Amino acid sequence: MINIHDKTLKDLEFFTVLQQLSEHCITPLGNEQVLAITPYKTKEELLNALQLTNEYVSSFYNDNRIPNHGFDTITKELKLLNIENTYLEVHALKKIVSISITVNDIITFLKKFEEYYPGLCAYASHIEVTKVIIEKVDAIIDRFGDIKDNASDLLYELRQSIHKIKGKINASFSSALNTYHGLDYLDDIRESVVDNKRVLAVKAMYRRKVKGAIMGGSKTGSIVYIEPETTLQYSRELNNLEYEEHEEVIRILKDLTNYIRPFLPLLEDYQSFLIDIDVISAKAKYAQSMDAILPEISQERHMYLRDAYHPLLYLNNLETKATTFPQTIKLKQDSRIIVISGPNAGGKSITLKTVGLLQVMLQSGMLIPVHERSKICLFDRIISDIGDNQSIENHLSTYSYRLKQMNYFLKKCNKNTLFLIDEFGTGSDPELGGALAETFLEEFYHREAFGIITTHYSNLKILANELPHMINANMLFDERTLEPLYKLVIGQAGSSFTFEVAQKNGIPYSLINRAKKKIERSKVRFDATIAKLQKERSRLEKTGQSLKLNEKKKIEEADKLEEINAKIQKKLESYQELYDSNQRLIYLGQKVNDIGEKYFENKRKRELMDELFKLIQIENSKRKKVSAKQKKVKKVKEEEVKKEVEKQVTVIRKKKKEAKKKQIETPKPRPVLKIGDRVRLEDGRAVGSIDKIEKNKAVVNYGIFTTNVSLEQLELVEAKK
């Protein structure tokens, strides 16, 4: 049975995550349900919830998008259906139809694409798809929200009668209007509407001459509004018919409500299903916003979070376009407790919270922002002591509060527990508090609990170094600037850089030296050694990164060279083909020339024709039959290669011409050679030094022999200094 305390959820800012998650809901009830999310109690429920969220995320990346699940809340309608002799209004019935259509569409879709969404399909399988409610309501209510005339025979008759009476009212009113207008009893506006009835606008002086019911007058009193007597009789009849119509509509709505009442459990299921889908959809959208995934759930006690991001920090930095540094943490049976040390503001607490929050999120059915190779195991209990440790309402000091927390930890801690403690051991005398903290840590260790703690206490760092299944870790700092690098390094304790940070913040060096003398020499040496090791680790980290970068560049260069090599190879092949073709043509030309020369000497036509025919036959025997299209392609290819070669030859000729011209125009001045200059022959490689110069000749010493050489044949390699 999984049980995670509310205090842990508060420490890890889980409720802030829920607040962000609720913003992705599209219904008020979904929003309420998200804010009430807590970690799942059983492993089966959790694994099912994770599968549903993961499947919904996949719908964002394929062509089979899950239909819209938005709906109007029908909670009030469900309550009314529970009460006998009540009836639903038209708008309430329309909401029920809408929710039925939405659920039917989603369930039909999931059945159709069961292969893509097996979990969601199984989850919805218990809900019945029925169209009887939709059909029944649609038979009575039209798309404008009015009761149809043919909803009952009586309603049809009543509406026909109403229509006729309204016709009579209009006819009688028009007759009275024309009569009194002819007598000039009416005002210029002639008529108006009072209480939804047409009335005559009679001049006040003639009000007694017009028969009918006075319905009111104008503000000035110059006009009196009168409903003509001929119209009154029909109006009373209309009122009676409209009352009967209203009664018939209520009777129809009651019948319809009674028809729907047995479907109450199904409608409750519909609403619950859509709320759940809204929550799953919100989890999927939240996961998409931070590239979250479902890591492998390990059956063993093994946790490996690779490139894990703190969700709140990641989303906040995404808005401000700041960099978020991921952490990689591994907890397993032989390294189940990590002790993180190092200076403040280096990211120790964030690392601790990242592990805790991601674990709680996953155990609440949410996907987490980690690398796809990550692996995670489930814990029955996650306990934490993070943040402000003063309990004002209980009048407890920091130390008393922390002791109370430790007592709770000792009661609950076992091998299925993950504990997270920030600034372990603080709040009391450093020596005594450190000793007690060490004892607690040993106890957690012997109970085989998994945990991460942050501390400045040296004795806890030493304990982590001594116990085989506990390891030290530190947050990397730049050794020169003492700026945090936000990178967790496993296997080595971190120095608090107490004196270095003090010096950086302008504390006089003399005061720092006095402070150093006041504490144990061994403590300073221990902290200094840790600081030195940490600096070394930082340098190695930078070197490693540099080497990786160089290796990446070399691979890229090698790929480019390979690509260039392939292109050159292709060009060489094309040039080779052109060369072979040209050689063949040269050979043919020579043969024809030889035959022509022979004919020139002996003038034998027959022999000439025989030899030419023989030559052509030999060449034709080498040719392969190709289609006109292939010939065209080959010709185009040859033309392209020829053009390219001609272009390059033109460039080379131009360069040679320019070089020759330059050589003629500006002959290179020869250097004046002196004794001791290092020289070599113009066409040689060996370098020697000049020992003697006589009459335009120099004696050059090559070490094992000397030789006489003309000065004009020598090139200067290096002048004597």
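Asp149, Arg159 and Glu245 are wired into a network of salt bridges. That's in a predicted model, and the salt-bridge count here comes to twelve. Below is a quick tour of some of those pairs, then the strands, then one helix contact.

**Salt bridges**

- Let's start with a pair that spans a lot of sequence: Lys353 and Glu13 meet through their side chains, at 3.7 Å from N to O.
- Lys353 sits in helix α13 (residues 348–362) while Glu13 is in the loop between α1 (6–11) and α2 (14–22), so this salt bridge ties together parts that are 340 residues apart in sequence.
- Glu13 is partly exposed, with a relative accessibility of 33%.
- Glu443 and Arg447 also pair up, with their side chains in a salt bridge at 3.1 Å, N to O.
- Both ends of that pair have some exposure: Glu443 is partly exposed at a relative accessible area of 33%, and Arg447 counts as partly exposed at 27%.
- Then there's Arg604, whose salt bridge to Glu607 has its closest N and O atoms 3.2 Å apart.
- Glu607 counts as partly exposed too, at 25% relative accessibility.

**Strands β1, β2 and β4**

- β1 (residues 186–194) runs antiparallel to β2 (residues 197–203), and the two pair over five bridges.
- For a landmark in that pairing, look at Val193, which has Arg198 of β2 as its bridge partner.
- The hairpin of β1 and β2 has two residues between the strands, and Asp195 takes a positive phi there, near 50 degrees.
- β2 also pairs with β4 (residues 223–228), again in the antiparallel sense, this time over four bridges.
- Here the landmark is Val202, standing opposite Val224 in β4.
- If you're tracing side chains along these strands, keep in mind that in a regular strand they alternate between the two faces of the sheet.

**Helices α6 and α8**

- α6 (residues 90–112) packs against α8 (residues 132–140) at an angle of about 145 degrees, with the axes 9 Å apart.
- The crossing of α6 past α8 is left-handed.
- On the α6 side, the contact is made by Leu93, Ile96, Val97, Ser100, Ile101 and Asn104.
- α8 brings Ile133, Ile134, Val137 and Asp138 to the contact.
- By type, the residues of this α6 and α8 contact split into seven nonpolar, two polar and one charged.

Note on methods: Residues are numbered from 1 along each chain as its sequence is written. This is a predicted model: local features need pLDDT of at least 70, side-chain atom pairs count only at pLDDT 80 or more; totals for chains, interfaces and linings use all residues. Side-chain values use heavy atoms; hydrogens and water are left out. A salt bridge is a side-chain nitrogen of Lys or Arg within 4 Å of a carboxyl oxygen of Asp or Glu. Buried means under 20% relative accessible area, exposed over 50%, partly exposed in between (1.4 Å probe, protein chains only). Two strands pair if DSSP finds at least two bridges between them. Axes are lines fitted to C-alpha atoms, for helices over the stretch in contact, and angles run from 0 to 180 degrees between N-to-C directions. A crossing is left-handed if the near helix is turned anticlockwise from the far one by less than a right angle, and right-handed if clockwise. Contact means heavy atoms within 4.5 Å. Ala, Val, Leu, Ile, Met, Phe, Trp, Tyr, Cys and Pro count as nonpolar, Asp, Glu, Lys and Arg as charged, and the others, Gly among them, as polar.
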